[in-house]
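Me: I am new to this structure and should like to go through it step by step. Please show it, and then let us begin.

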Amino acid sequence: MASVGRARLLVPVASRSVLAALAPDFGQLRSACDRFGLLGCYVHSVPTRSGRIAARMFAPSIGVPEDIANANSTACLAADLAGRGVTGIAVDMGDSLGSPATVTATARPGSAVQVGGSAVVVDVVRLS
């Protein structure tokens, strides 16, 4: 369990293919998260030697069945992994939603976590 506000579970799985095959029952997941006061579950693959990871963030308790990219949970994972010697990660998310994204994070034990990524503006909507 980790938190930068509301707690969430960090759930490791063996591979990207296991992660891709997940099909949560969002009703049951929301019920379990609500019962334990959790934001949701950040499910992630094991990091490669270079720190590459795939992840999916499920947060039905706040109305987000699956998030495209989640910096807060990535920061939690980076802090956890820093204690095990992994100081830089690049987390691929959003593939299952057709919106690939990568969130990067660096951390050292006992210091701040830095989270980043890049964005591209694809459209501008003006509200009158």
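Me: How many of the six residues of strand S5 are buried?

Reply: The model is a predicted one, in which local features need pLDDT of at least 70, side-chain atom pairs count only at pLDDT 80 or more, and totals for chains, interfaces and linings use all residues. Residues are numbered from 1 along each chain as its sequence is written, and side-chain values use heavy atoms, with hydrogens and water left out. Strands (E, at least two residues) and helices (H or I, at least four) are DSSP runs numbered from the N terminus, while buried means under 20% relative accessible area, exposed over 50% and partly exposed in between, with a 1.4 Å probe and protein chains only. Strand S5 covers residues 88–93 and is largely enclosed by the rest of the structure, because the number of its buried residues is five.

Me: Which way do S5 and S6 run, parallel or antiparallel?

Reply: Two strands pair if DSSP finds at least two bridges between them. S3 and S5 are joined by three bridges and run parallel; here Ala54 has Asp92 in S5 as its bridge partner. On the link to S6 (residues 101–106), Val91 stands opposite Val103. Six bridges join S5 to S6, and these strands run antiparallel.

Me: Which element supplies the largest share of the largest nonpolar core?

Reply: A nonpolar core is a set of buried Ala, Val, Leu, Ile, Met, Phe, Trp, Tyr and Cys residues joined through side-chain atoms within 4.5 Å. The largest one has 18 residues, and Tyr42, Leu77, Ile89 and Val91 have the most contacts inside it. At least two residues of this core come from each of S3, helix H3 (71–82) and S5. The largest share, five residues, is that of H3.

Me: How many residues does the other core have?

Reply: Apart from the largest core lies another, with Ala7, Leu29, Val43 and Phe58 among its members. Its number of residues is ten.

Me: Is Arg56 buried or exposed?

Reply: Arg56 belongs to strand S3, residues 52–59. Its relative accessibility is 9%, so Arg56 counts as buried.

Me: Which side chain makes a polar contact with the side chain of Arg56?

Reply: A polar contact is a pair of N or O atoms within 3.5 Å; within protein, one must be able to donate a hydrogen and the other to accept it, and residues adjacent in sequence count only if both atoms are side-chain atoms. A polar atom of the Arg56 side chain lies 2.9 Å from the backbone oxygen of Leu19. With contact meaning heavy atoms within 4.5 Å, and neighbours within four places in sequence left aside, Arg56 is in contact with residues including Tyr42, Val43 and Met93. The side-chain partner, at 2.9 Å, is Glu66.

Me: Which residue caps the N-terminal end of helix H2?

Reply: H2 comprises residues 26–36, and Gly37, whose phi is positive, near 70 degrees, follows this helix. At the N-terminal end, a side-chain oxygen of the capping residue lies 3.1 Å from the backbone nitrogen of Gly27. The residue is Asp25.

Me: What is the radius of gyration of the chain?

Reply: The chain has three helices and seven strands, in the order β-α-α-β-β-β-α-β-β-β along the sequence. The radius of gyration is taken over C-alpha atoms, and the globule rule is 2.2 Å times the number of residues to the power 0.38. For 128 residues that rule gives 14 Å, and the value of the chain is close to it, so the chain is as compact as a globular protein of that length. The radius of gyration is 15 Å.
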